[in-house]
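Trainee: Hi! Could you walk me through this one? I'd like to start with how the chains meet and then look at the helices.
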Amino acid sequence: MKTYAKPPAKEWDHDASTTARAGADPLLEVRHVAKRFGGREVLRDISLDVASGEFLTILGESGSGKTTLLRLIAGFEQPSNGEIWMSGERLDTQPPYRRRVNTVFQSYALFPHLTVAENVAYGMRVQGVPRAEIPPRVAEALAMVKMSASAETPPARLSGGMQQRVALARALVNRPKLLLLDEPLSALDANLRRQMQTELKALQREIGITFLFVTHDQDEAMALSDRIALLRAGALEQIASPREIYNSPTSAYTAQFIGQTNLLTAQVSGGTARAGCLLWPCAAPEGPATFSLRPEHIRLVDGASGGNPASCRFRAKLENQTFCGSTDMLEIVSPDGQHLRVRVPSRGILEDEVDLEFSAKDCVRLRDAGSS
Amino acid sequence: MSAAAPQPRTKAGGLGIYAAAVFAFLYFPIVVLVIYSFNGAGVGGFPPRNLTLEWYRILFSDRAIWDAVLNSVIVALAAVMIALSLGLPAALALDRVSFPGKALFRRLVLLPLILPGIITGLSLLMFVRYTGQKLSLLTVILGHGTALISVATTELFAGLQKMDRAQEEASLDLGANYWQTFWRVTLPNLSLPLAAAGLLIFTLSMDEIAVTFFLIGRDNTLPLEIWGRLRRGMTPEINAISTLIFIFSVALILFWYHLRTRGQSSAEPLLAAEPESFQGKLR
């Protein structure tokens, strides 16, 4: 049984605008955590902080270890190395039922032998919350996820989206400090999924509980998160806000995983980067380097010459033009044979030869570049 | 019978006759047994004459038979309790704990299913003699209970394998300790396999002869009572009790089948009324 004092009711009306603040005490600290199953290394030296009230997404391909990290925090697995702390207390040595952490499972994991209301009341029942207090809190939680009408229904009769809401209410009613969500939207169809994303984000703002969200869907991560932690094969690739991770990826992997990009393999010398026939001013250290250039940062221009000195103009052959509604995706080949993708506001059918331009500032130098 | 059923339609003619023959071979003796329980002219003679309920009247006033039925029910219920309460921990261990010698343990648990009843019975008898116990219904109960643990273990293990483990994790996550999780989530999820295993063990125990034969004391179970009477000559009273057993068994099998199909066709567990009334009957 949990022994913590009941949090003040005010916690529900927590100020909405909280985001990750540098310098604020982190709610959760993951320190050098590693996890091995048998000889297989699933997580390698993961360190990250989660600020109170933050919406942090752990993003990664399947097999990247993101769910394992979540299960370590929930307490279903033990780390092979490292420590996990929450609010200044060691978390990883505690059994799952003593952690002020609740989970929304990918399969929802509702109890089929209990009604919706009994499912939501479960946590309070087993923790010995006074009986009189339970029904109003269940009603409040069900109202919050708009499921009041189904309180007496067995969960098997509900649709996936409705079960999802019940699972959310069942977790949130316990007023956890941290809510873990394991790909909670992956079983829903596209429309419902978008709607639930909006609601989830609004809910998180409203109640101010810290969310740790696991997904493999980069669009979902971008839309919801204050920060994204990108996992790659069990290691932390980059952790930053959606804007930062999109605009300043540190590695080719991040640049390609979050959105689409062109990778330019260049040689920097004398303040100029040269990738084949493409030249642009560059302050990076001398030597080989790889740059990321987003498709939307390449523009169509009139005429192959001119333009300002901080940009690069070139003429290229158009191989393919795909209409995507508001934009067109162009596949082009530069005179020296580099294939690039370009996204431009949609217009009519283009000619076979096009003139293009990009600014030097949009070429982002990547860490794991060139020679390494 | 199941061999004949799923064949393609083209060969239906020959196979139909074959299937009918197999069914006749299986069920004709039972039909004869039932008919002769109403035969006024005793067990012999064809066709049956003077149809009567006399044998059932005699049966219902036969104290010895009903004492034997009571003994059998006591033994079966006790065997169900023993087998389930020992089989559940064994199934849990097989499902979720990894320990040295697990593969061996698994085979040893299943051994009584494969061993001939004579071996099991004889070894239990030697054990009872060794400990200096007197043979009685108690020894029969212990014999049935231990021999049928394997049935309980396999049925409950299958049930555990089908269970969604995330439910137990959800329970722990919501603040229930392991003990609370077992009582509030694991056990309710197992109500169906528990009921099914209970029914199966009950029926197996009710008609067990081999093990019982070695361990029986002065109080006969029903199969041994019938066996004893047959040695003194057949009367249609035996047909009558056999007919009642047959009806009872079919009812149990239908009920068991009903539980099974319900468990498979919907994610919903049993509604509260049925397993409770059934478990009430067991206790």
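Mentor: Happy to! The area buried between chain A and chain B is about 2100 Å², and carbon and sulfur atoms give 59% of that area. Keep in mind that this is a predicted model.

Trainee: Which three residues supply the most of the area that chain A buries against chain B?
Mentor: Those are Tyr97(A), His113(A) and Tyr122(A). Together they supply 29% of the area chain A buries there, more than any other three residues.

Trainee: And how many residues does the contact take from each chain?
Mentor: Chain A gives 26 residues and chain B gives 22 residues.

Trainee: How many salt bridges does the rule find across the interface of chain A and chain B?
Mentor: One salt bridge is found across that interface. If you want to see a salt bridge up close, look at Glu169(B) and Arg71(A), whose side chains meet at 2.7 Å, N to O.

Trainee: Great, let's switch to helices. How do people describe two packed helices?
Mentor: By the angle between their axes and the distance between the axes. Try it on α4(A), residues 160-172, and α5(A), residues 190-207: their axes come within 12 Å and cross at roughly 15°.

Trainee: What does that make α4(A) relative to α5(A)?
Mentor: Angles under 35 degrees count as roughly parallel, so α4(A) is roughly parallel to α5(A). The crossing between α4(A) and α5(A) is right-handed.

Trainee: Which residues make the contact between α4(A) and α5(A)?
Mentor: From α4(A) you have Gly161(A), Gln164(A), Arg165(A), Leu168(A) and Leu172(A). On the α5(A) side, the residues include Leu192(A), Met196(A), Glu199(A) and Leu203(A). By class, the contact of α4(A) with α5(A) has seven nonpolar, three polar and two charged residues.

Trainee: What about α2(A) and α3(A), at what angle do they cross?
Mentor: Helix α2(A), residues 116-126, and helix α3(A), residues 134-144, cross at roughly 125°, with axes that come within 9 Å. That angle is why α2(A) and α3(A) are oblique to each other. Their crossing is right-handed.

Trainee: Which residues of α2(A) and α3(A) touch?
Mentor: On α2(A), the contact uses Val116(A), Ala117(A), Val120(A), Ala121(A), Met124(A) and Arg125(A). Helix α3(A) brings Ile134(A), Arg137(A), Val138(A), Ala141(A) and Leu142(A). In this contact of α2(A) with α3(A), nine residues are nonpolar, none are polar and two are charged.

Trainee: How do α2(A) and α4(A) pack?
Mentor: They pack at about 30°, with axes 7 Å apart. So α2(A) and α4(A) are roughly parallel to each other, and their crossing is right-handed. Val116(A), Asn119(A) and Val120(A) of α2(A) meet Val166(A), Ala169(A) and Arg170(A) of α4(A). The classes in the contact of α2(A) with α4(A) are four nonpolar, one polar and one charged.

Trainee: New topic: backbone angles. What sign of phi do most residues other than glycine have?
Mentor: Most of them have a negative phi. Asp45(A) has a positive phi of about 45° although it is not a glycine, and Asp45(A) is found in strand β2 of chain A, residues 40-51.

Trainee: And what is phi of Arg175(A), and where is it found?
Mentor: Phi of Arg175(A) is near 50°, a positive value in a residue other than glycine. You'll find Arg175(A) in the loop between α4 and β7 of chain A.

Methods. Residues numbered from 1 in each chain as written. Chains lettered and ligands numbered in written order. Predicted model: local features only at pLDDT ≥ 70, side-chain atom pairs only at ≥ 80, totals over all residues. Heavy atoms only, no water. Axes fitted to C-alpha atoms, helices over the stretch in contact; angles between N-to-C directions. Helix = DSSP H or I, 4+ residues; strand = E, 2+ residues; numbered from the N terminus. Parallel < 35°, antiparallel > 145°, perpendicular 65-115°, else oblique. Left-handed = near helix turned anticlockwise from the far one by under 90°. Contact = heavy atoms within 4.5 Å. Nonpolar A, V, L, I, M, F, W, Y, C, P; charged D, E, K, R; others polar. Buried area = accessible area lost by both parts, 1.4 Å probe. Salt bridge = Lys/Arg side-chain N within 4 Å of Asp/Glu carboxyl O.
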